[in-house]
Amino acid sequence: MMGEFELIRHYFFPIAEVGNASSVLLGPGDDCAIQRIGPDLDLVFSVDALVEGVHFPHHYDPEKLGWRSLAVAASDLAAMGADPVCFTLALTLPDANPDWLSAYARGLASAARRFGLSLAGGDTTRGPLTLSMQVHGTVPKGEAILRSGAQVGDCICVSGTLGEAGAALDHLENDSPGPEVQAVLRKYHFPEPRLALGTALRGFATAAVDVSDGLVADLGHILEASGVAASIDASRLPLSQHLKRLVGQSAAGLALNAGDDYELCVTVPPQVWAILPEKIRRELTVIGEVVAGEGVTIDWGDHTENLSAGGYDHFRN
Ligand code: ADP
Ligand code: MG
């Protein structure tokens, strides 16, 4: 069977060529698409669907879902360095339960306020619970950060800490979580898309992606789009104390392979890293370097491991 990306490329990428909208500067293949909408302004947009039982568990708390559904969509704007503007919401519901709806709307409203995204429209239908968010942002003409700009020698950096949301998956049913479990659950339930960091990185980062499917997989998208490889130093992966206390030796593996963190992975030339404003540098950890070739090499100290970028595939896993 075709994998998710193969399927998209085979059936849908060709349709991108059918229209002749010359204002579409970037079609499928990046975190968002880009359309020039004024002499000095580009529209950056992306749609994400969340399906019950796939992207969130059955009977998931609706207030958390409200936050999370917008956060994961907004994260693609962060990855492009876009200023958030508005979103539309396509909601498919099995029934119109007022308690569920008011809690969902409460979570969604707090995320919308936090991310600076206005709800501009949508569609409501009956069926299996699915939430689709289209997010719109803008960047000054030509300033969006693409996946395709990484150069050999660039520093590979990630924001925040990695692996916690992945560790949370084992504890979603935990009724009396201790402090470590609470911390990782918080990261899973309330991801914070790095919108301010994304915009601050315009003009500095050569490439960016948000870590939705796992660092190796998402960095892999940058490498593929840029025609380069990566060398990662496992000892430099940013791991929280909570995660290390909770999973011990498994923390680095989670940081490399688990999804749902919604941090940014960006490449920055070393000479630019040296002059980056301290405020931006504080939010990032350098974990490795862009090198020539293909794939990702992990330096574990006593041995190295070569990985081809895998990650979550909706039609293979
Ligand atoms: P992300 O994880 O950043 O949201 P995805 O992995 O969902 O990105 O998608 C990868 C790329 O494929 C994106 O550029 C997206 O626009 C494109 N894509 C996904 N599904 C389709 C589709 N059905 N038709 C056209 N393009 C698609
Ligand atoms: Mg993305």
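Arg202 counts as buried in this predicted model, because its relative accessibility is 18%, which falls under the 20% limit that defines the buried class. Arg202 nevertheless takes part in salt bridges, one of them with Asp83, where the closest N and O atoms are 3.2 Å apart, and another with Glu143, where the corresponding separation is 3.7 Å. The acidic partners fall in another accessibility class: Asp83 is partly exposed, with a relative accessible area of 30%, and Glu143 is likewise partly exposed, at 37%.

What do these contacts link along the chain? Asp83 belongs to strand 4 (residues 83-93), whereas Arg202 sits in the loop between helix 6 (195-200) and strand 8, so that the pair links distant parts of the chain, 119 residues apart. Glu143, for its part, lies in the loop between strand 6 (130-140) and strand 7, and because Arg202 is in the loop between helix 6 and strand 8, this second pair ties together parts that are 59 residues apart in sequence.

The structure holds 14 salt bridges, and three of them are set out below with the distance between their closest N and O atoms.

| Acidic residue | Basic residue | Closest N and O atoms |
|---|---|---|
| Asp61 | Lys64 | 3.1 Å |
| Asp83 | Arg202 | 3.2 Å |
| Glu143 | Arg202 | 3.7 Å |

Asp61, which bridges to Lys64, counts as partly exposed at 30% relative accessibility. Elsewhere, Lys187, Arg194, Glu263 and Glu283 are linked in a network of salt bridges.

Turning to the sheet, 7 strands form an open arrangement with mixed pairing, in the order 8-10-7-11-9-12-13. Strand 8 (207-210) and strand 13 (304-307) each have a single partner strand and stand at the edges, so one side of each is left without a neighbour in the sheet. From one strand to the next, the twist averages 25°. Within this sheet, strand 9 (residues 229-233) and strand 11 (residues 284-291) pair in the antiparallel sense over 4 bridges, and Ala229 stands opposite Val291 of strand 11.

Helices also lie across these strands. Helix 2 (residues 62-80) lies across strand 8 and strand 10 (264-268), and its direction makes an angle of about 170° with strand 8. Helix 7 (residues 215-226) lies across strand 7 (155-159), strand 8, strand 9, strand 10, strand 11, strand 12 (296-299) and strand 13, while running at about 145° to strand 8. Strand 8, an edge strand of the sheet, is thus crossed by helix 2 and by helix 7.

Methods. Residues are numbered from 1 along each chain as its sequence is written. Chains are lettered from A and ligands numbered from 1 in the order in which they are written. This is a predicted model: local features need pLDDT of at least 70, side-chain atom pairs count only at pLDDT 80 or more; totals for chains, interfaces and linings use all residues. Side-chain values use heavy atoms; hydrogens and water are left out. Two strands pair if DSSP finds at least two bridges between them. Helices (H or I, at least four residues) and strands (E, at least two) are DSSP runs, numbered from the N terminus. Axes are lines fitted to C-alpha atoms, for helices over the stretch in contact, and angles run from 0 to 180 degrees between N-to-C directions. Contact means heavy atoms within 4.5 Å. A salt bridge is a side-chain nitrogen of Lys or Arg within 4 Å of a carboxyl oxygen of Asp or Glu. Buried means under 20% relative accessible area, exposed over 50%, partly exposed in between (1.4 Å probe, protein chains only).
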